[in-house]
Amino acid sequence: MPVVSGSNGGQLASALAAELGSEHHPLDARRFPDSEGYVRVPPESLEAVRSEPVVIVASTFPDSGIVEALLLLEAIQDVRAGDLTNLTGTGPGDLDDVGPGVFLAIPYFGYSRQDKRFQQGEVISAALIARLLARRCDGMAVLDLHAPAVLSDLDVPVAFTSAMPEISEHLKETIAPNFVLSPDKGAIERASEVANRIGCDFSYLEKKRIDAHTIEHTPKDLDVDGSVVAIVDDMISTGGTICKAADALRRQGAAQVHAACTHGLFTGGALSRLDAHVDGVHATDSLPNPRSNVSAAPALARGIRELLDGQ
Ligand code: R5P
């Protein structure tokens, strides 16, 4: 089962291929001078992607990632359909259609937070992107999606997979927390899973978002005096949510505060802000980032196996 990748995510695709006992095939992916994307299945990979089901690794982030994901899907679909006609007349133009078997592994699903029409006239961006991708694949494995409900009624199966088992293991081995905190209600399920796996206390905060850079937490008494605390979230963007939660924990006597997430976006100076508020930052490599110390490959492999088992 070949695992293919484009201009990003090559390392993760290679690790995923190793988890699945498959080969990694990096496709040709580059940019024209005006920044438009280009994708090609190289001649040496044509047979591999036709002989077995294929896994494409692609994140829908940043925006160029969405276009590249669509180009990768289209390129693989054309080759599997046997549509190889080309202007240079190289090779056979038409081959048999080898049928379905294109799976998309999405380490980070960009636009996931616009999952509802919060105000009149808004686009439900997450649903739009999901529909675009679903038209060209036979199933998707999505890692730690912000709110899975938005992908619930697609025409193809979706495996919602999570890196929380690997994050729990990493935290246990490196910092051995005795308290896990969810910085908002949305992360309760994920953070409480981490607390259960580690076998430590758990609590959560209630968060109100004022704007993209400002949040407020409802004050709450937390029994963290002298504790090593891990704040666990699906993603860290500006770091505002984590820094506010860390301050509240310190005021209540926490000895150490660490931040852990699946998706380390770390936008606009987030890392230096975090460094001033927490003792450590732990993230997966779902996106390339300087704090990645947990592999997302085992979780993606679980998602792909779930799709294959459901076939
Ligand atoms: C939103 O609810 C997410 O789970 C994260 O809490 C949020 O995206 C983090 O954003 P920031 O780091 O900008 O506070």
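Let me begin with one contact, in which the side chains of Asp 144 and Arg 190 meet in a salt bridge at 3.2 Å, N to O, a salt bridge being a side-chain nitrogen of Lys or Arg within 4 Å of a carboxyl oxygen of Asp or Glu. Before going on, I should say that this is a predicted model, in which local features need pLDDT of at least 70 and side-chain atom pairs count only at pLDDT 80 or more, while totals for chains, interfaces and linings use all residues. Residues are numbered from 1 along each chain as its sequence is written, and side-chain values use heavy atoms, with hydrogens and water left out.

The structure holds 9 salt bridges. The pair I opened with links distant parts of the chain, since Asp 144 sits in the loop between β7 and β8 and Arg 190 in helix α6 (residues 188-198), 46 residues apart; helices (H or I, at least four residues) and strands (E, at least two) are DSSP runs here, numbered from the N terminus. Are these two partners buried or exposed? Asp 144 is buried, with a relative accessible area of 2%, and Arg 190 also counts as buried, at 12%, where buried means under 20% relative accessible area, exposed over 50%, and partly exposed in between (1.4 Å probe, protein chains only). Asp 144 has a further feature, namely a positive phi of about 35°, although it is not a glycine.

Let me now turn to the domains. The domain assignment of the chain gives domain 1 (3-162 + 297-309) and domain 2 (164-293), with bounds that come from an automatic or database domain assignment. The C-alpha centres of domain 1 and domain 2 lie 30 Å apart. At the interface, 15 residues of domain 1 are in contact with 13 residues of domain 2, contact meaning heavy atoms within 4.5 Å. The area buried between the two domains is about 1,200 Å², of which carbon and sulfur atoms give 54%; buried area is the accessible area (1.4 Å probe) that two parts lose on being put together, summed over both.

How many salt bridges does the rule find across the interface of domain 1 and domain 2? The rule finds 2. The count of residue pairs in polar contact between the domains is 9, with both residues at pLDDT 80 or more, and a polar contact is a pair of N or O atoms within 3.5 Å, where within protein one must be able to donate a hydrogen and the other to accept it, and residues adjacent in sequence count only if both atoms are side-chain atoms. On the side of domain 1 that touches domain 2, helix α9 (residues 297-309) gives the most, with 3 residues.

Helix α9 also takes part in another salt bridge, for Arg 302 pairs with Glu 166, the closest N and O atoms being 2.8 Å apart. Here again distant parts of the chain are linked, with Arg 302 in helix α9 and Glu 166 in helix α5 (residues 164-174), 136 residues apart. Arg 302 is partly exposed, with a relative accessible area of 32%, whereas Glu 166 counts as buried at 17%.

A further salt bridge joins Arg 291 and Asp 275, with the closest N and O atoms 3.0 Å apart. Arg 291 is in the loop between β15 (280-284) and β16 (292-294), and Asp 275 is in helix α8, 16 residues apart. Arg 291 counts as partly exposed at 24% relative accessibility, and Asp 275 is partly exposed as well, with a relative accessible area of 44%.

I would like to finish with the loop between β5 and α3, where Thr 60 has its place. Thr 60 counts as buried, at 0% relative accessibility. Leaving aside neighbours within four places in sequence, its contacts include Ile 106, Tyr 108, Gly 110 and Leu 133, and the side chain of Thr 60 reaches the backbone nitrogen of Gly 110 at 2.6 Å. Pro 62 is found in this loop too, and the peptide bond from Phe 61 to Pro 62 is cis, with omega near -10°.

One last residue is Phe 266, found in the loop between β14 (256-264) and α8 (270-275). Its phi is near 45°, a positive value in a residue other than glycine, and Phe 266 counts as buried at 12% relative accessibility.
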